[in-house]
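This briefing covers a zinc site, two pockets and a strand pair. Please look over the sequence and the model before reading the points.

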Amino acid sequence: MIETNYEGLNAEQKELLDAAAEVMETAYNPYSGFFVGAALRTKDGRIFTGSNVENAAHGSICAERSAIVRANAEGCRQFTDVAVIARGTDFDTKEVTSPCGACRQMLFEAAQLSSENLKAILSTTNKDKIVLTTIEELLPLGFGPGDLGIDLERFR
Ligand code: ZN
């Protein structure tokens, strides 16, 4: 885990985080008022984004899972990096926003499909504090398809 800021990112990392910040503004968040954006970079260099979507029954889908679902619909399940950024309705985050438990599990699954340790860029609203980490650090000893003896080859 490395703590840095926007200037400490390389061009590809900045591009991914900027994509997450842009899509963050599309959040459908009448209940929480919290805006979250996530961006995934695929192994072949494409970027898929997602924002949080809530509903009156207080079920919601987070930005990270929205991005995964969007990429899946386009036939892509192999990622190298994910960026996450958030803001409140009337405040900027002072600490980085980190994926919730459900998203960590989905990102872990994506990492198994990608056969690599998915890298994560977690940022404050103003990008003045950024944590660079990995899914293995976010979900140590994760339970995955391998534990069930599942071969994911035909899903890649
Ligand atoms: Zn989540």
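How many nonpolar, polar and charged residues are in the lining of the second largest pocket? The model is predicted, and in it that lining has seven nonpolar, four polar and two charged residues. The points below take up the pockets, then the zinc ion, then the strands.

**Second largest pocket**
- The volume of the second largest pocket is about 160 Å³.
- There are 13 lining residues, and those closest to the centre of the second largest pocket are Phe34, Val36, Asn52, Cys62 and Glu64.
- Strand E5 (60–61) and helix H2 are the elements that give two or more residues to this lining.

**Largest pocket**
- The largest pocket holds about 180 Å³ of space.
- Two or more lining residues of the largest pocket come from each of helix H2 (63–73) and helix H3 (101–114).
- H3 supplies the largest share of that lining, with four residues.
- Residues lining the largest pocket include Ile68, Asn72, Met106, Glu109, Ala110 and Leu113.
- Also among them are Cys76, Arg77, Phe79, Leu152 and Phe155.
- By class, the lining of the largest pocket splits into eight nonpolar residues, one polar residue and two charged residues.

**Zinc site**
- Three SG atoms, from Cys62, Cys100 and Cys103, coordinate the zinc ion at 2.2 to 2.3 Å.
- The spacing of these donor residues along the sequence is C-x37-C-x2-C.
- Cys62 sits in the loop between E5 and H2, while Cys100 sits in the loop between strand E6 (79–87) and H3, so this pair ties together parts that are 38 residues apart in sequence.
- Cys100 has 31% relative accessibility and therefore counts as partly exposed, a class that runs from 20% to 50%.
- Cys62 thus appears twice in this briefing, as a zinc donor and among the residues closest to the centre of the second largest pocket.

**Strands E2 and E3**
- Strand E2 (residues 35–42) runs antiparallel to E3, and five bridges join the two.
- One bridge pairs Ala38 with Gly50 in E3.
- E2 and E3 make a hairpin that has four residues between the strands.
- Gly45, in the turn of this hairpin, has a positive phi of about 90°.
- Strand E3 (residues 47–51) is largely enclosed by the rest of the structure, because four of its five residues are buried.
- Buried here stands for under 20% relative accessible area.

Notes
Residues numbered from 1 in each chain as written. Predicted model: local features only at pLDDT ≥ 70, side-chain atom pairs only at ≥ 80, totals over all residues. Heavy atoms only, no water. Buried < 20%, exposed > 50% of the residue type's maximum accessible area, 1.4 Å probe, protein only. Pairing = 2+ DSSP bridges. 1 Å grid on protein atoms, 1.4 Å probe; cavity = no way out; pocket = protein on both sides within 12 Å on 5 of 7 lines; lining within 4 Å. Points joined across faces, edges and corners; volume = space filled by probe spheres on them. Nonpolar A, V, L, I, M, F, W, Y, C, P; charged D, E, K, R; others polar. Donors = N, O, S within 2.8 Å, 3.2 Å for Na, K, Ca; no water.
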